Amino acid sequence: MELPAVKGDQAVAVSNQGSLADLEAKIRRAKLQRQIMALPLVAPLLLLLIFAFLIPIVLLLARSVDNREVAEIMPRTSAAIASWGGETPPDSALFEALAEDLRAGKPEQVALVAKTLNYHKSGLRTAVMAAARSARANPSGNALDYLPSANAAWGNVETWGAVKQALPRFTDFYLLAALDLKRNAVGDIVAASPESSVYREVLYRTFYISFLTTMICLLVAYPLAYIISKATPRGANFILLMVLLSFWTPLLVRNTSWLVVLQSNGVLNSFFALIGIISPSEPLELVHNRVGVLIAMVHTLLPFMVLPIYSAMRSMSPNYMRAALSLGAPPFKAFLRVYLPLSLPGVSAGCLLVFILALGYYITPALVGGPSDQMIAGYINQFTSGTINWGMAAALSLVLVISVLVLYFLYARIVGIEKLKMG
């Protein structure tokens, strides 16, 4: 008598599962419809981000491998040098192709080729300009004869190896240079010369200074945020006003002010000499070194650490600490086991924000730092506004972006991205 009942229960269970699946499908369709209806509302902001932020960044980073301008100016040389092995001197056909391209190119195009080749091998700017003048002066001569006479570099295999590396439409030259690597005449990747190997050290220095800045900001901001969260509303507003006061001053003015404060005869050294801490003839070296860079960067980035931590502390209920203390936990143990874990979302958000912002600093190290304190953003600025080497600027930018992404994913993997959620 129980068997029909069992079958009936199974039928009811199957029916309920089918109804539940239909309900879930309806909920998914309803969510999709709401998202589609909301799309026109967010479309303007999305398009603005794509065209004003994402596309310019992608175009800049693409310059690290894009070499089409030089390849289009030198089409004959590009075709002729592709079959050259790189170990023996080139034949007369390659010389003739180079002469024809230089003869046909406009002066500004030849100057671009000369500048690009000079990145690959120092001194080729002069060689290219001399070859262009010689090619125009000898329209019917044998290029194998007059090009080496115009500049002896054209008789060297290393010169033609640099030309071969500079002519492909897409190149890894700038990315390798950003990692202190290069390709030799036969195309193998080797270490760059010691005198040109600077970018790995600069990248390490950038991350080291950013890490020190983040840690100092955390040590200063955590107790400061705690004081603000426990202060009266009037006191909290006053302290927050003092913290945010640096936002009201332009960055250049702030850094220049630190020069006045920290220099040998500045305000701080004069005060220390007045109270007898130091001798007036032996002032502290606080500027144009790592100490000045850290002081100025901490002063600028401190609010970005204080605000997230203060927000996390403000959202915590005081009942948790009261409960821990009432259960017999000493104040310090209650802080370590209860208060500190609850404030970690603010600490995580502040550390991540300060560290990423610090990586892009170049004005502060340039003004208050020394030669050994310059960060990678300063080199990127030099290549974009000084030497106008967009390939190298894009390569360094790409290396920095990839390094930040790798560290971010490691951070999210170890710490947990949910700790960044406030409240």
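**Exercise 1. Classify Tyr-174 and its aromatic partner by burial, and describe their pair.**

Solution. Tyr-174 has 5% relative accessibility and therefore counts as buried (buried is under 20% relative accessible area, exposed over 50%, partly exposed in between, with a 1.4 Å probe and protein chains only). This is a predicted model, in which local features need pLDDT of at least 70, side-chain atom pairs count only at pLDDT 80 or more, and totals for chains, interfaces and linings use all residues. Residues are numbered from 1 along each chain as its sequence is written, and side-chain values use heavy atoms, leaving out hydrogens and water.

Next, count the aromatic pairs: there are 14 (rings of Phe, Tyr and Trp, the last by its six-membered ring, with centres within 6.5 Å; planes under 30 degrees apart are stacked, over 60 edge-to-face, the rest tilted). One of them joins Tyr-119 and Tyr-174 edge-to-face, at 6.5 Å between centres and 70° between planes. Tyr-119 belongs to helix H5 (residues 107–120) and Tyr-174 to helix H9 (residues 173–178), 55 residues apart (helices are DSSP runs of H or I, at least four residues, numbered from the N terminus). Tyr-119, at 24% relative accessibility, counts as partly exposed.

**Exercise 2. Find which helix gives the largest share of the largest nonpolar core.**

Solution. This core has 38 residues, and Met-305 is among the members that touch the most others (a nonpolar core is a set of buried Ala, Val, Leu, Ile, Met, Phe, Trp, Tyr and Cys residues joined through side-chain atoms within 4.5 Å). Helices supplying at least two residues each include H10 (199–230), H14 (290–315) and H16 (331–359). The largest share, 12 residues, comes from H14.
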